[in-house]
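Let's take a friendly walk through one sheet and the helices around it. Have the structure open as you read.

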Amino acid sequence: METKNTNGSRSYDHDIIGWFEDVSEKAGQVQTETLRRILELNCGVEYLKKWLGDIDVRDMDASALESLYTSLVPLASHADLEPYISRIADGDTAPLLTQQPITLLSLRVYPIREGGRILEFIYSSKQFKTKGGLTVGTATTHYYASEEFKIKQEKTKCFTCSPPEVISGGDYKQSTYCHLLLGLYFGDQVEFITSTFAYSIVQAFRAFEDVWREICDDIKQGTLSERVTLPKMRKSVLAIISPNPSLASRIEESCKELETLNWLGLITKLWPNAKYVYSIMTGSMQPYFKKLRHYAGGLALVSADYGSTESWIGANVDPYLPPEDVTFAVIPTFSYFEFMPLYRENHDRSSAIDDFIEDEPVPLSKVKVGQEYEIVLTTFTGLYRCRLGDVVEVAGFHKGTPKLNFICRRKLILTINIDKNTEKDLQLVVEKGSQVLTSKGRAELVDFTSHAEVEKQPGHYIIYWEIKGEVEEGVLGECCKEMDASFSDHGYVVSRRTNSIGPLELCVVKMGTFKKILDYFIGNGSALSQFKTPRCTSNQGILKILNGSTVKRFFSTAYG
C-alpha cells in the first residue's frame with residue numbers, strides 16, 4: 001500500500017485515508033464480505049460446526065451466508081467461549097475457534113515530523129507460558145514486544161524517547177522515572193505525548209512533581225538516580241544521556257515557576273514543540289480528564305481510537321474536537337459488527353441504570369441515529385457473535401459507517417437490593433461532590449473508588465477519596481451529603497428513604513493510597529499500560545489497603 005517517494009510517510013498516510021474513505025462509503029457491503037472472509041478462514045472449526053453443522057460456507061452467496069449465520073449461531077458471552085480458550089491454553093491443537101494456530105493469548109496515525117520523538121508512557125508486563133506453551137500477556141505487552149511496534153517507528157521516522165529496556169523493565173516506578181528523564185533530555189524533539197490511558201499520563205506527571213529535582217541533577221551530571229536499580233534499565237539509559245548543565249538549568253527554572261502555578265501548563269512549558277496529547281480519555285478515563293487538561297494548558301487533547309482486547313472498533317476521524325465531543329467511526333474491515341438495540345424504561349439520560357430492554361441485533365447498515373446499542377462482535381481470531389458489554393449511541397455517519405459515542409459499560413457496579421448504579425452513575429455523583437470540594441476547600445480530588453458494604457445491615461455505599469490540599473471537616477461532610485443526594489436511581493432513593501440502604505459513607509484516605517493499589521495490581525501481574533483504577537471493588541486485598549489507609553470517615557445526612 002505504501003508508495004516510495006521523497007515523502008514516503010505522507011504518501012503512506014494518504015493511501016490509508018483513501019482506503020478508509022472507500023470502505024466507509026460502502027460499509028454495509030464491506031461488512032457482508034468481512035463476515036464471509038471470517039467464516040471461510042475458520043470453516044470447520046469445532047465451535048462453528050456445533051451451530052452450522054457441515055454447511056460449506058464457501059459455496060454460499062455472501063448475503064445468504066450473513067442471514068444464515070445470524071439465525072443459527074447464538075449470541076455468546078466470554079463465559080460461553082472460556083472452555084474453548086482454556087483447552088487452547090492447555091495445548092489442544094485441534095481447530096477449536098480458528099483454523100490458524102493461536103500463538104498468543106491476550107488478557108482482558110496522526111501527522112508528525114520525521115526525526116521527531118514521542119514521549120510515550122508505555123509499560124510492558126511480564127509474559128508467561130501456559131501449560132500448552134502459548135505466550136500470555138496483555139494486548140499492549142504483545143504489541144510493544146512485536147515487530148509491528150518497531151515498524152511503526154521506522155515508517156513514521158519518529159521514535160519513542162525510551163529504549164526497550166525501560167518499556168519492558170517490569171517496575172513501573174523505575175520506568176516512569178526514566179520515561180520522564182529521557183522525555184526531558186530529548187525535550188525539544190518531542191512531537192507529542194501519549195499513553196494507552198489518560199491515567200498513566202496523569203500518574204507520571206504527579207510523580208514528576210516529587211522527583212523533578214533529581215531529574216534535573218541527572219541531566220546536569222549525566223547520571224541516573226539510585227532509585228533506578230534494574231541493571232539493564234540503568235545501562236540502557238546511561239548509554240543515552242550525557243551531562244547537559246544548560247538544559248538542566250532551564251528545566252529547573254521552569255519547574256520552580258510551575259510549582260507556584262500548581263503545575264498548570266506543565267506540558268507546554270517543558271515540551272514547547274509538542275503538538276498534542278494523545279490517549280484514551282473517554283469512559284472510565286473521564287475522571288482524569290480535568291487534571292490532564294490542567295497539565296496540558298492550552299495544548300490539544302486528542303482522544304485515541306476506540307478498541308478493546310477483542311477487536312479494534314472505530315477511529316476518531318475528528319481529532320480536533322475536544323475529547324468530550326469525540327465520536328468513533330466504525331472500521332468495517334476489522335470485524336463483523338452487530339448492534340443490539342437497547343431501550344430504557346427510565347429515559348433520563350443523566351442516569352445510566354442498566355434497566356435496558358433488548359431487541360434483536362441488527363447489522364451495521366441498519367443502525368439509527370440517536371439509538372443506543374450494545375456491540376456484538378465476530379472476529380477473525382475466533383469470537384463469534386460475542387457480546388462486548390459496551391453501550392454506544394449512534395451519533396451520525398461518516399459516509400456509510402456509523403459514528404459511535406461511548407455511553408457506558410453495562411455491568412452494574414453498585415447494588416445492594418433494588419438499587420442499580422453503574423460506573424457512569426458513580427462518576428456523575430463523584431463529580432457533584434468534587435465540585436463542592438473545589439469550590440469550598442483548597443483541595444482537589446486525586447482518585448476514588450467505591451464498595452457496596454453488605455456485611456452490616458442495612459447495607460450502604462462507601463466512597464473512598466484521596467485528596468490533595470487542605471479542607472475543613474465540615475466541607476467534607478457536605479461533599480458526602482451532596483453525593484448521597486445525587487444518586488438518582490429510583491431504587492436507591494426509595495431504599496434510602498425507607499432506610500433499607502444506610503447513609504452513604506465517605507472515607508478519606510492518606511495520600512499515596514491509590515499508588516499502593518496500583519502496586520498491588522502490578523505485583524499480581526497487571527501492566528501499568530492496562531491498569532484502570534477499579535471504580536467499585538470487593539477485592540479483599542484492595543479493601544484492606546483502603547481501610548488501613550482511611551484517616552477520616554463521614555456519614556451522609558441527606559435523608560435525615
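## A helix across the sheet

What you see is a predicted model. A good place to start is helix H16 (residues 473-486), which lies across S19, S20 and S21. Relative to S21, helix H16 runs at about 55°.

## The sheet itself

The strands S18-S19-S20-S21, in that order, make up an open sheet of four strands with mixed pairing. At its edges you will find strand S18 (442-453) and strand S21 (550-555), each of which pairs on one side only. On average, neighbouring strands of this sheet are turned by 25° against each other, direction ignored.

## How the strands pair

Strands of a sheet pair through backbone hydrogen bonds, either parallel or antiparallel. S18 and S19 run antiparallel and are joined by 11 bridges. These two strands form a hairpin, with six residues between them. To find your way along the pair, look for Thr 449, which stands opposite Tyr 464 in S19.

On to the next pair: strand S19 (residues 460-470) and strand S20 (residues 505-509) run parallel, with five bridges joining them. Here Trp 465 stands opposite Val 508 in S20.

## What is buried

Although S18 is an edge strand, 11 of its 12 residues are buried, so S18 is largely enclosed by the rest of the structure.

Helix H18 (residues 513-523) has these buried residues: Thr 513, Phe 514, Ile 517, Leu 518 and Ile 522. They pack against the strands S18, S19 and S20, and also against helix H9 (172-185), helix H10 (198-221) and helix H19 (540-549). Just after H18 comes Gly 525, with a positive phi of about 100°.

Methods:
Residues are numbered from 1 along each chain as its sequence is written. This is a predicted model: local features need pLDDT of at least 70, side-chain atom pairs count only at pLDDT 80 or more; totals for chains, interfaces and linings use all residues. Side-chain values use heavy atoms; hydrogens and water are left out. Two strands pair if DSSP finds at least two bridges between them. Axes are lines fitted to C-alpha atoms, for helices over the stretch in contact, and angles run from 0 to 180 degrees between N-to-C directions. Contact means heavy atoms within 4.5 Å. Buried means under 20% relative accessible area, exposed over 50%, partly exposed in between (1.4 Å probe, protein chains only).
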